[in-house]
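Biologist: I am new to this structure, and I would like to understand the reasons behind the labels that get attached to its parts. Could we look at it together?

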Amino acid sequence: MAGLRRPDLWAPGCRRPWEELLAGRVKRRKHNPESEQKLKESAVQLLRRHLNLEDLLLEVEDPPCKKLCLSKLIDCDRAEACSDRSSSFIGSALRDRALRLGVPVALLAARMVAYSMEQVCAEPGHPVLLSSEQRKKVASLLDVAQYLLAHSMFSRLSFCQELWRVQSSLLLEAVWRLHVHSVVSLQELLESHPEAQAVTVWLFGNLRVLCEQMEASCQSGDTTRAMLSDFVQLLVLRAFQDNSDLGRTMESEKMSQVALAVLQKMLNFALDSLAAGLQEESPAHKAVRCWFDVFSAHSCCVIAPDPLKKFFHHTLVQTLTHSPMLKVSDAIQMQREWSFSRTHPLLTSLYCRLFIMLSPEEAVRCLQEVLEEQEVNWQRVLSCVSVLVICFPEAQQLVRDWVARLMAGAFERFHLDSMVTAFLIVRQAALEGPAAFLSYADWFKASFGSSHGYHSCSKKALVFLFKFLSDLVPWEAPWYLQVHILSPPLVPSKYRCLLTDYISLARTRLADLKVSLENMGLYEDVSLAGGITEVSASLGGNQPRSQAAQDVEKAISMFEHTGKVPAPVLEASIFRRPYYMSHFLPALLTPRVLPKVPDARAAFIESLRRSDPADCLLHGLHGLMCLRMDKIPPSLYAAYCQACATAEEEKPESADSKMGTEPGFVEEALGPLRAALFQLRALMADPTQYDVLSAQMAVVAEKLGAVLDHRRNEVYSEEMKIQLSILAPDVPRQHQAVVDLLLTAFCQDLMAACSFVPPERQGPWATLFVRTLCGRALLPAVLARLCQLLRHQGPSLSAPHVLGLAALAVHLGECRATLPEVDPGLATATCSLPVPEFLDGLLSCHAGESMLFCLK
C-alpha cells in the first residue's frame with residue numbers, strides 16, 4: 001500500500017494553501033455593481049418564494065394569528081373598532097407578540113389580516129359578492145390594514161401569498177376592495193400568484209359568475225359595474241399596453257399572459273354560448289350580454305385609446321377565427337341563414353361596438369387580413385359583412401372596392417381563394433337589399449356580361465371562370481343557377497363550348513333538385529336564395545302559378561315606370577318559352593271587367609302584343625327572332641277578349657278587389673311591419689339606443705319585403721322614368737295601406753326623435769328609412785301619395801304631418817342621383833323632372849292659405 005502513495009503530493013513540504021489551489025480554476029471577477037444588485041434581488045426573491053410563514057410560526061408557538069384574530073374587533077361597531085385608539089392597540093399588541101416570537105412584525109400582521117379575511121369570506125353568502133354584513137366587517141379590517149401599512153407594519157407580498165393559500169374561499173369583491181382601499185393592488189395580487197394557469201382559471205370563473213349575477217344584484221348594481229370595469233381595465237392594459245420602454249420582468253410577462261388568457265376565455269365562452277343557442281334570460285345569456293356591454297363606449301372610456309384599439313382589433317380577429325369548422329361549401333349553402341335579420345342580436349351588437357372604435361375602414365382591412373392569413377369561421381365573417389353594410393352605410397363602397405380588388409387579383413393570379421371570397425361577400429351583401437348593395441344578378445351581369453368583364457383577357461381566364469362556376473354547382477341554390485343560365489357570361493364564339501358545358505351541368509343540377517328552370521320566376525326572389533331543400537319544397541304544387549302572378553305584377557310596375565316592355569319579359573318570350581306561354585301569359589290574361597279608361601295592365605298587354613323589334617335590339621336580342629316569336633298569340637288574345645266581354649255582361653266581383661279590401665287580409669300582411677315600426681319608434685324615445693336604429697331599420701326593410709311578396713327592390717337604370725299624372729294621381733290599391741303606414745310612421749318617428757335630440761344627432765335612421773321607400777316597387781306609389789297630400793290636401797294637414805313631409809322631401813333630394821326622373825303627365829312639361837323638382841312643382845302659391853302651407 002505504501003508503494004501506491006504519491007510522495008510528491010502528500011509530502012509535508014509539497015502542501016499548498018487553498019487559495020493557490022483554487023486560483024488556477026476560478027478566475028477572479030471584477031466588481032460589478034449591477035451584477036451584485038441582481039444577485040441580491042435574486043437571493044431575496046428566492047427566500048421569499050420558499051419562506052413558509054406558517055411553518056416558521058409553528059416552530060415558535062401554536063399559530064398566534066388565531067390568538068390575535070380581529071374577529072371580535074370587526075364584529076363590534078365599526079366606528080369604535082376602527083378608531084385610532086383601537087388601531088394603535090392592535091399595532092402595539094402585534095409588536096409585543098412579534099418580539100416574543102422573534103419574527104418580523106410585518107409578516108405576523110400580514111398573516112393575521114389574511115386569516116381574518118378568510119374567516120369573513122367563509123361565511124355563507126353570494127359566490128362573488130359580499131353581503132351587507134360582510135362588507136361592514138371587511139371595511140373594518142381594511143381600516144386596520146391601512147393603519148398597519150402607514151406605520152410600516154404590514155408586508156404586501158406576504159399578505160398576497162397568504163391570500164392565495166385560501167383562494168378557494170376568497171370572494172372577488174373582497175379582492176377588489178383591497179385594491180380600492182389601496183391595501184394591495186389587483187396587479188400586485190395577481191402577479192404574486194405562483195401559478196399562472198391557476199390564477200387564470202380562478203379569475204375567469206369569478207368574472208363569469210359576476211357577469212351572470214350582474215342584473216340580479218340590484219342593490220349592488222354600482223358595485224358590480226365598478227368591479228367589472230376595474231378588472232377589465234387592468235386586463236386590457238396588462239395584455240395590450242406597450243411596456244417596451246418600462247422594461248419587462250418575469251412577473252410582468254406572466255401577468256400579460258394571464259390577462260390575455262382571461263380575456264380570451266371570456267370571449268370564447270361568449271362565442272361558444274352563442275353557437276350552442278341561448279335561451280332568453282338564461283344565466284349564460286345574461287353573462288354574454290353583460291360581457292359584450294364591456295365593449296360599449298361608457299365602459300371603455302377610462303382605458304387609453306391605443307391599448308383599447310388593440311383590444312378591439314384582437315377581439316374582432318378572434319371572433320372571426322373562433323371555431324373554424326364550417327367549410328366553403330357550407331357557407332355557399334347556408335349563408336342566407338346568416339343575414340343581418342337572422343343573426344343573434346348579441347353578436348350584431350358586439351360587431352357594431354367594435355366597428356365604432358375601429359372605424360369601417362379598419363374593420364374592412366381587418367376582414368381582408370384575416371381572410372388572407374387565417375382559417376376563418378364563415379358564419380361569423382359573413383354576418384360581420386351584413387352588419388357592416390347595414391349599420392355603416394359608409395362601409396358599402398368600401399366593400400364594393402374590396403370585392404373589385406379580389407376579383408382583379410383572382411383573374412390576375414388565377415387565385416381560387418380570392419374568387420371564393422368575392423362571390424361569398426357579394427352574395428351576403430346582396431341579401432341585405434338594394435339599400436346596402438346591388439343585387440347579385442346585376443353584379444354578375446356587370447362583372448361578366450360584357451367584353452370588359454374580368455374573364456375577357458384570355459382563354460385561361462375563361463377556363464378559370466367556368467371551372468369555378470362548375471365546382472360550385474353541387475352546392476348552389478337554384479336562384480344562382482338561374483342567374484348564371486339566363487344571364488350568362490359573354491363568351492367569344494370560338495369558346496362557346498365552355499358556356500354550353502356549364503349550362504348543361506347547371507340544368508342537370510336543377511333537374512336533380514326537381515326544379516324546373518322554366519317554372520322559375522323572372523325576377524329575383526329572396527326566398528329562392530336559401531337552401532336546396534327549402535327551395536325545392538317552395539317550388540312544388542301551385543308555386544309556378546303564384547310566381548307567375550308576382551312576375552306579372554312586377555312587369556306591370558316596371559312598365560308603368562318606363563313605358564317599355566321590361567327586358568326579362570322579352571327574354572322569357574324567346575329563351576324561356578314554356579314558362580312564358582304556360583304560366584306568365586295565363587296570369588297576365590286573367591279575364592276581368594275591363595276599365596273604361598285603359599289601366600296599366602291593359603296598356604302593358606297592348607304594348608306586349610305590338611312589341612317593336614327595336615325594343616329587342618335595345619336589350620341585346622336579335623330583331624328577326626323577336627318578329628318570329630309572337631309575344632301574345634292571336635288565338636290566345638282573342639280568347640282573352642271574349643272572356644273579358646263575358647265578364648262585363650255577368651259583372652262578377654273582382655277577386656283581387658276582395659282580397660285587397662278584406663280587413664283580415666290587410667291586417668295579417670301589415671301586422672309584422674307595423675310591429676317593427678312600433679319598435680323603431682320606441683327606440684327613438686331613448687337616445688342611448690340610437691346606435692341600434694340602423695339595425696332596426698334592417699328589420700323594417702325585411703318586413704316590408706314580406707308585405708311586397710318577397711320581391712326584392714332593384715336599382716333603377718338611368719333610362720327609366722316614372723309615369724305619373726299630377727292632375728289625377730292614383731296610388732295602386734295593393735300599395736295604398738303600405739304607403740300610408742310608412743309615411744305616418746316616418747312623421748311620428750321624426751317627432752319622437754326631435755323631442756329628445758336635434759335632427760343632426762339622430763343618426764342615419766331617416767336616410768335609411770327613405771332608401772327603403774325608394775324601392776322600385778314602392779316609389780311610384782310614394783310619389784303619387786305625396787302628390788295627393790301636397791297638391792290636393794296640403795292646407796288641411798296638421799303641423800306634425802307638414803314637418804314630417806318636409807323632412808321626407810329633404811331626404812328624397814339627397815337620393816336624387818339614384819332615383820329615376822318623373823314624367824308629370826302635363827302637356828306643358830317638355831321633359832321629365834328629377835324628384836326634388838317634381839316635389840317643388842307640387843307646391844302652389846296661388847292663395848294665402850296655400851302660400852302659408854308652402855312656407856311651412
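Modeller: What follows is a conversation about a few labels and the values behind them, and I should say at the start that this is a predicted model.

Biologist: Why is S182 called exposed?

Modeller: S182 has a relative accessible area of 52%, and because exposed means over 50%, that label applies. S182 sits in the loop between helix 12 (172-180) and helix 13 (186-191).

Biologist: Why is F414, a residue of the loop between helix 23 (394-413) and helix 24, called partly exposed?

Modeller: The relative accessible area of F414 is 26%, and since buried means under 20% and exposed over 50%, with partly exposed in between, the middle label is the one that fits.

Biologist: What makes the phi of S182 and of F414 worth pointing out?

Modeller: Most residues other than glycine have a negative phi. For S182, however, phi is positive, near 60 degrees, and for F414 the value is likewise positive, near 55 degrees.

Biologist: Why does Y454 count as partly exposed?

Modeller: Its relative accessibility is 28%, and because the middle class runs between under 20% for buried and over 50% for exposed, Y454 falls there. Y454 belongs to the loop between helix 25 and helix 26 (459-472).

Biologist: How do you know that Y454 meets parts of the chain beyond its neighbours in sequence?

Modeller: Contact means heavy atoms within 4.5 Å, and, leaving aside neighbours within four places in sequence, Y454 is in contact with A404, M407, A408, F411, S447, F448 and A461. As for A408, it is 46 residues apart from Y454 along the chain, while their C-alpha atoms are separated by 6.8 Å.

Biologist: How are helix 24 and helix 25 placed with respect to each other?

Modeller: The axes of helix 24 (residues 416-431) and helix 25 (residues 440-448) come within 9 Å, crossing at roughly 140 degrees. Helix 24 contributes F423, V426, R427 and A430 to the contact, and helix 25 contributes Y440, W443, F444 and F448. By class, seven of these residues are nonpolar, one is charged and none is polar.

Biologist: What makes R427 the charged one?

Modeller: R427 is one of the contact residues of helix 24, and because Arg counts as charged, that class is the one for R427.

Biologist: Which residues touch the most other members of the largest nonpolar core?

Modeller: That core has 169 residues, and those touching the most other members are M117, L148, F159, L207, L228, W291 and F423. Helix 21 (residues 345-373) supplies its largest share, 14 residues.

Methods
Residues are numbered from 1 along each chain as its sequence is written. This is a predicted model: local features need pLDDT of at least 70, side-chain atom pairs count only at pLDDT 80 or more; totals for chains, interfaces and linings use all residues. Side-chain values use heavy atoms; hydrogens and water are left out. Axes are lines fitted to C-alpha atoms, for helices over the stretch in contact, and angles run from 0 to 180 degrees between N-to-C directions. Helices (H or I, at least four residues) and strands (E, at least two) are DSSP runs, numbered from the N terminus. A nonpolar core is a set of buried Ala, Val, Leu, Ile, Met, Phe, Trp, Tyr and Cys residues joined through side-chain atoms within 4.5 Å. Buried means under 20% relative accessible area, exposed over 50%, partly exposed in between (1.4 Å probe, protein chains only).
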